[in-house]
Amino acid sequence: MTLILTASELDSLVDMPRTIEAVERAFAEISDGLAHQPAPGSLHLPASDSRFLPMAAVSGPSGLASVKLLSDIPGNVERSLPTQRSTLLLVSQTTGETLAILDGRIPTRIRTAAASAVASKALARAESSVLGLVGAGALAVAHVEAMLAVLPIRTVVVWSRKASTIEAFQRQIAHLELNVVIAPSAQFVVESADILCTLTPASEPLVFGKWFQSGLHVNAVGARPRPDEREIDSEGMIRSRVFVDSLSTALTKSGDLLIPINEKVMTAEQVQGELGDVITGKTPGRTDSDDITLFNSVGIGMLDLAIGRILYDRALQQSVGLEVDLSS
């Protein structure tokens with residue numbers, strides 16, 4: 001039987017601490033050769049700006065293979081629809097049975113925030129207490145929850161172009177009793193933060209390296225998986241010790257990384273390594289309290305598999321979802 005899980009059902013099953021643990025294990029599995037994570041292709045037609053990315057992974061310890069089809073359609077803005085949509089398919093590694101089909105919105109949001117938390121745990125200063133957010137949408141709310149699970153965050157400094165987005169953000173984190181500072185600019189956020197998360201679908205830089213302070217850790221996770229779009233300018237990348245989720249993916253999909261490489265102001269060899277290798281101790285992370293570290297992620301299928309395993313198991317335990325016999 002195949003379990004079908006909707007976005008609202010998945011939202012009720014989310015467990016951020018368990019997701020962070022699963023994402024950390026997933027990165028370690030990649031480093032240790034226990035999982036396979038190929039770089040996703042990008043399917044598009046010359047006459048269209050839309051792109052479709054099949055994000056696949058297989059994990060021995062999880063017993064799963066998975067693929068998420070991510071649709072990136074900027075034109076949906078004019079239709080008042082989400083610009084990114086996705087569906088996640090979970091398959092038994094042993095039998096090939098299709099175990100579950102999940103709407104991708106909630107899993108993508110939560111595993112992205114969990115990945116930033118894992119990177120911050122590994123790369124940020126342990127005493128970091130000020131979280132800076134460039135962007136205040138649903139992904140920002142998830143990042144606050146994730147960061148609180150790994151670091152002593154007491155203050156959140158947030159900026160967004162839209163006052164209504166800020167107001168919604170404040171309502172959704174009010175129960176956490178944090179000190180929330182509404183920033184007048186992205187620069188104010190960057191210069192205030194111990195940990196900075198860039199969470200916008202920007203195509204041109206919103207964050208500039210000249211604003212970076214010693215000791216800062218940056219999670220650059222908002223830009224679309226396109227080689228010509230970015231949130232961080234070239235100086236920001238050059239000034240940082242850069243780590244990625246998957247080097248093969250970053251070198252085909254991350255404009256934050258590819259643009260400075262194409263400008264010949266940075267080389268691929270300047271990337272310090274993959275986050276999984278930091279977690280397993282194969283690559284050094286932060287080497288000094290004054291280091292500026294930066295985790296650049298466009299998302300990988302292995303993280304979808306990791307959160308898919310958790311959500312599927314919890315759905316079975318709680319009898320959530322619709323079971324369908326696809327072979328009948």
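**Exercise 1. Find which strands stand at the edges of the open sheet, starting from strand S1.**

Solution. Strand S1 (residues 2-5) and S15 run antiparallel and are joined by three bridges. Strands here are DSSP runs (E) of at least two residues, helices are runs (H or I) of at least four residues, and both are numbered from the N terminus. Two strands pair if DSSP finds at least two bridges between them. One bridge can be named: Leu3 has Glu323 in S15 as its partner.

The model is predicted: local features need pLDDT of at least 70, side-chain atom pairs count only at pLDDT 80 or more, and totals for chains, interfaces and linings use all residues. Residues are numbered from 1 along each chain as its sequence is written, and side-chain values use heavy atoms, with hydrogens and water left out.

Next, place the pair in its sheet. The open sheet has seven strands in the order S2-S3-S4-S5-S6-S1-S15, with mixed pairing. Strand S2 (35-36) and strand S15 (322-324) each have a single partner strand, so they stand at the edges and one side of each is left without a neighbour in the sheet.

**Exercise 2. Describe helix H2 from its start to the residue that follows.**

Solution. At the start of H2, a side-chain oxygen of Asp15 comes to within 3.1 Å of the backbone nitrogen of Arg18. The helix covers residues 16-32, 17 residues in total, and reaches 24 Å from its first C-alpha to its last. This is close to the expected 24 Å, where the expected span is 1.5 Å times one less than the number of residues.

Now look at burial, where buried means under 20% relative accessible area, exposed over 50%, and partly exposed in between (1.4 Å probe, protein chains only). The buried residues of H2 include Met16, Ile20, Val23 and Phe27. An α-helix has 3.6 residues a turn, so residues three or four places apart point the same way. After H2 comes Gly33, with a positive phi near 75°.

**Exercise 3. Work out the surroundings of His217.**

Solution. His217 lies in strand S11 (residues 217-220). At 0% relative accessibility, His217 counts as buried. Its contacts (heavy atoms within 4.5 Å), leaving aside neighbours within four places in sequence, include Ala119, Asp194, Arg286 and Leu294. Leu294 is 77 residues away from His217 along the chain, yet their C-alpha atoms are separated by 5.7 Å.

The strand pairing can now be added. S11 and S14 pair in the parallel sense over four bridges, and Asn219 has Phe295 in S14 as its bridge partner. Strand S12 (residues 241-244) also pairs with S14 in the parallel sense over four bridges, with Phe243 opposite Phe295. From S14 (residues 293-296), Thr293 and Phe295 point one way and Leu294 and Asn296 the other way, and all are buried.

**Exercise 4. Decide whether Thr112 is buried or exposed, and name what it touches.**

Solution. Thr112 has its place in helix H3 (residues 105-123). At 12% relative accessibility, Thr112 counts as buried. Not counting residues up to four places away in sequence, Thr112 touches Leu139, His143 and Val221.

**Exercise 5. Summarise the whole protein chain.**

Solution. The secondary structure comes to eleven helices and 15 strands. The radius of gyration, taken over C-alpha atoms, is 19 Å, close to the 20 Å that the globule rule gives for 328 residues, so the chain is as compact as a globular protein of that length. That rule is 2.2 Å times the number of residues to the power 0.38. Of the 328 residues, 55% count as buried.

Note on methods. Polar contact = N/O pair within 3.5 Å; in protein donor to acceptor, adjacent residues only side chain to side chain.
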